[in-house]
Amino acid sequence: MDGPMRVLVTGGSGLVGRAIERVVKEGEAREGEEWIFLSSKDANLMSPEETRSVFQKHRPTHVIHLAAMVGGLYKNMRQNLDFWRNNVFVNDNVLQTAHEFGVVKVVSCLSTCIFPDKTTYPIDETMIHNGPPHESNFGYAYAKRMIDVHNRSCFEKYGRRYTAVIPTNVFGPHDNFNIEDGHVLPGLIHKTYLAKKEGKPLQVWGSGRPLRQFIYSLDLARLFLWVLRDYDEVEPIILS
Amino acid sequence: MVGGLYKNMRQNLDFWRDNVHINDNVLYMSQEFGVVKVVSCLSTCVFPDKTTYPIDETMMHNGAPHESNYGYAYAKRMIDVHNRACFQQYGLRYTAVIPTNIFGPHDNFNIEDCHVMPGLVHKTYLAKKEGKPLQVWGSGRALRQFIYSVDLARLFVWVLREYDEVEPIIGSVGEEDELTIKDAVDAVVEGFGFKGEVIYDTSKSDGQIKKTASNAKLRKYLPDFKFTPFIAAVKETCDWLAANYDIVRK
């Protein structure tokens, strides 16, 4: 496209959003690029009207869509319905509004936790829809998978190259460190900080046996910029 | 939002979005208003494309649906996701029925957009009226299980009153009653007493070749349920179209 790139980042105040902001500020932004970082204070993306207002205000040419209802294992298990519904609303509002405003490219954010539970390993990008996700977070998982369904059908109908990345377990500064609701790394960091401060044992939930690939948020942020600029496929890409 | 093969292939995005909106609105409002039970309607066309046969209720999410209608298919599958999550979070026993190919009076008979049976019925009616050949889209090889709308209606009423599971239930004739599209063509031709030529346009897609579904779960609950014989049900549908042609949806 000609003309300056104006990038709107939804979920800009979160773990990945802050990492992208930092990477952009520390020299990865290009000449003439404008970067706008949104948080839930700027718009409730579950509302189509508020989503449209924020697109109207900023007129982005590109979107990095990170906003979502997220949580660790235990929160997901309690609220699969809310994770399903709220994320479908947010995603539909952002993707549909982006299309209506002529946004050239949207890069959404999926997760390896949405892949089929019963599967061969390693999992790859072609396998997302090959079976049901793990029971513990099926609401969130299906909502995220449907981003890929939306992208594919939007490309089919309008030729829009909206795509997605699939990180593994992300960690870094600006995470949600809430012990009840956060993910495993921030949970461990917070608990260890408190255990040390209070002179108590560190209580780890679970046996310690599960396996994960961890990606530092700053590394993921650099990869996001590459996907935004240079990755042309509609099929998602694993970043790990 | 529904449509036959050719309409789905053109508009997967709309089939996905519009149906998700409707389904969420109905299911969520039902919950807010304290509705005791919702019985939604899925379809065997939402099942995985690559699969073993016969398909059954446990297999719905086991792989990607057919490429031709994945927008519609995912939207319908998400009804089951919503039902399960809603049961988990609130204990509500909302469920769903999975019919195979339904036909009968009051269908959408629009030739461009409709399903196979109403399409054949309408085209045969016109072919007979205009003294032209009957043009069938596809090779006639594809296999389907057809359920008469009036039989499905009786099953819906039973599900509403007596079926307590959240997991959906297939509402269909058995595997032994699976027919080819050509069998359906022959039944419609007989239903109208059509004597003209029948031409199969093999340049048009057949869609999914096979979607064989098991009605074992239904038979476990209702071993004595009687389906209307296919030829008689098709004849009733043909007669209905002829008698109501001016007002049918086309």
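Here is a short dialogue on reading chain A and its interface with chain B in a predicted model.

Me: Let's start with chain A. How many helices and strands does chain A have?

Reply: There are seven helices and eight strands in chain A.

Me: And how do I judge its compactness from the radius of gyration?

Reply: You set the radius against what the globule rule gives for that chain length. For the 240 residues of chain A the rule gives 18 Å and the radius of gyration is 18 Å, so chain A is as compact as a globular protein of that length. Buried residues make up 52% of chain A.

Me: Now the interface. How many residues of each chain are in contact?

Reply: On the chain B side 27 residues, and on the chain A side 28. Together the chains bury about 2,600 Å², with 55% of that on carbon and sulfur atoms. Leu13(B), Tyr70(B) and Gln89(B) supply 23% of what chain B buries here, more than any other three residues.

Me: How many salt bridges are counted between chain B and chain A?

Reply: A salt bridge takes a Lys or Arg side-chain nitrogen within 4 Å of an Asp or Glu carboxyl oxygen. The count between these two chains is five. One salt bridge joins Asp92(A) and Arg17(B), at 2.7 Å from N to O. The interface also has 17 residue pairs in polar contact, both residues at pLDDT 80 or more.

Me: Which helix of chain B gives the most to the side that touches chain A?

Reply: That's α3(B), with 11 residues. By class, that side of chain B has 13 nonpolar, nine polar and five charged residues.

Conventions
Residues numbered from 1 in each chain as written. Chains lettered and ligands numbered in written order. Predicted model: local features only at pLDDT ≥ 70, side-chain atom pairs only at ≥ 80, totals over all residues. Heavy atoms only, no water. Contact = heavy atoms within 4.5 Å. Buried area = accessible area lost by both parts, 1.4 Å probe. Polar contact = N/O pair within 3.5 Å; in protein donor to acceptor, adjacent residues only side chain to side chain. Helix = DSSP H or I, 4+ residues; strand = E, 2+ residues; numbered from the N terminus. Nonpolar A, V, L, I, M, F, W, Y, C, P; charged D, E, K, R; others polar. Rg over C-alpha atoms; globule rule 2.2 N^0.38 Å. Buried < 20%, exposed > 50% of the residue type's maximum accessible area, 1.4 Å probe, protein only.
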